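Hi,

Here is the structure I said I would pass on to you. Have a look at it first, and then read my notes underneath.

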Amino acid sequence: MVIRFILNGKKCRNIVDSSTRLIDLLREGCGITSVREGCGAGECGSCTVLLNGNPVCSCLTPAVQVRNCEIITIDGLERDGELALLQKAFLDNDAVQCGFCTPGMILTAKALLDKNPNPSKDEIRHALGGNICRCTGYIPILRAVEAAAKQGRTTQ
């Protein structure tokens, strides 16, 4: 079946079948390889993308579900070659090591900060609870989200 959706601000049209997963559509149909498959069971958050502003595990989401929706991947955050505030905060706070989980972490944090620009540490921990990092650890990631939130408040 043909589906139309917005991917990182651009209109897209793809043909999928009912068994196509969103991660497969994005990686194989759209060439977005920044969406990473970790566990394939929705437990690690590596494949997280924003679907109408909400974080979803693309490994569990049927591609047909994104019809007429907006999808944002990590590639959709930069503007004119400039990294987004959260991306810079992750780099500045050494919250990236191997980078496998980073796109999912940043997109989950973006969804949090879009809804709650002043989250507490517990709210950040709770929001990122579905994202697993196997190498950096969570303290730099928490610092990065706090720094982005603080900087976002000072730039508004």
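Below is what turned up, starting with the sheet and ending with the salt bridges.

One thing to keep in mind: this is a predicted model.

**The sheet**

Start with the open sheet of five strands, which runs in the order β2-β1-β5-β3-β4 with mixed pairing. At its edges sit β2 (10–15) and β4 (54–57), each of which pairs on one side only. From one strand to the next, the twist averages 40°. If you want a pair to look at, try β1 (residues 2–7) and β2: they run antiparallel and are joined over six bridges. Within that pair, I6 has K11 of β2 as its bridge partner.

Two helices are worth finding against these strands. Helix α1 (residues 22–29) lies across β1, β2, β3 (48–51) and β5 (70–72), at about 80° to β1. Helix α3 also packs on the sheet, where it touches β3, β4 and β5, and its direction makes about 35° with that of β3.

**The cores**

In soluble globular proteins, nonpolar side chains tend to be buried together. Here the largest nonpolar core has 26 residues, and L77, L86, F90, M105, I141 and V145 have the most contacts inside it. At least two residues come from each of α2 (85–92), α3 (102–115) and α5 (138–155), with α3 giving the largest share, seven residues. M105 is a good place to zoom in: leaving aside residues up to four places away in sequence, M105 touches F90, L128, N131, I132, C133, Y138 and I141. There is also a second, separate core of 21 residues, and F5, L7, A63 and V66 are among them.

**The salt bridges**

The structure holds five of these. Three that you can pick out:

- R21 and D24, with the closest N and O atoms 2.9 Å apart. R21 counts as partly exposed because its relative accessibility is 22%.
- K110 and D114, at 2.9 Å from N to O. They are four residues apart in helix α3, so about one helical turn separates them.
- D122 and R125, at 3.0 Å from N to O. Both lie in helix α4 (residues 121–127), three residues apart, which is about one turn of the helix. With 54% relative accessibility D122 counts as exposed, while R125, at 42%, counts as partly exposed.

Finally, R21, D24 and E37 are joined into one network by salt bridges that share partners.

Cheers

Conventions: Residues are numbered from 1 along each chain as its sequence is written. This is a predicted model: local features need pLDDT of at least 70, side-chain atom pairs count only at pLDDT 80 or more; totals for chains, interfaces and linings use all residues. Side-chain values use heavy atoms; hydrogens and water are left out. A nonpolar core is a set of buried Ala, Val, Leu, Ile, Met, Phe, Trp, Tyr and Cys residues joined through side-chain atoms within 4.5 Å. Buried means under 20% relative accessible area, exposed over 50%, partly exposed in between (1.4 Å probe, protein chains only). Contact means heavy atoms within 4.5 Å. Two strands pair if DSSP finds at least two bridges between them. Axes are lines fitted to C-alpha atoms, for helices over the stretch in contact, and angles run from 0 to 180 degrees between N-to-C directions. A salt bridge is a side-chain nitrogen of Lys or Arg within 4 Å of a carboxyl oxygen of Asp or Glu.
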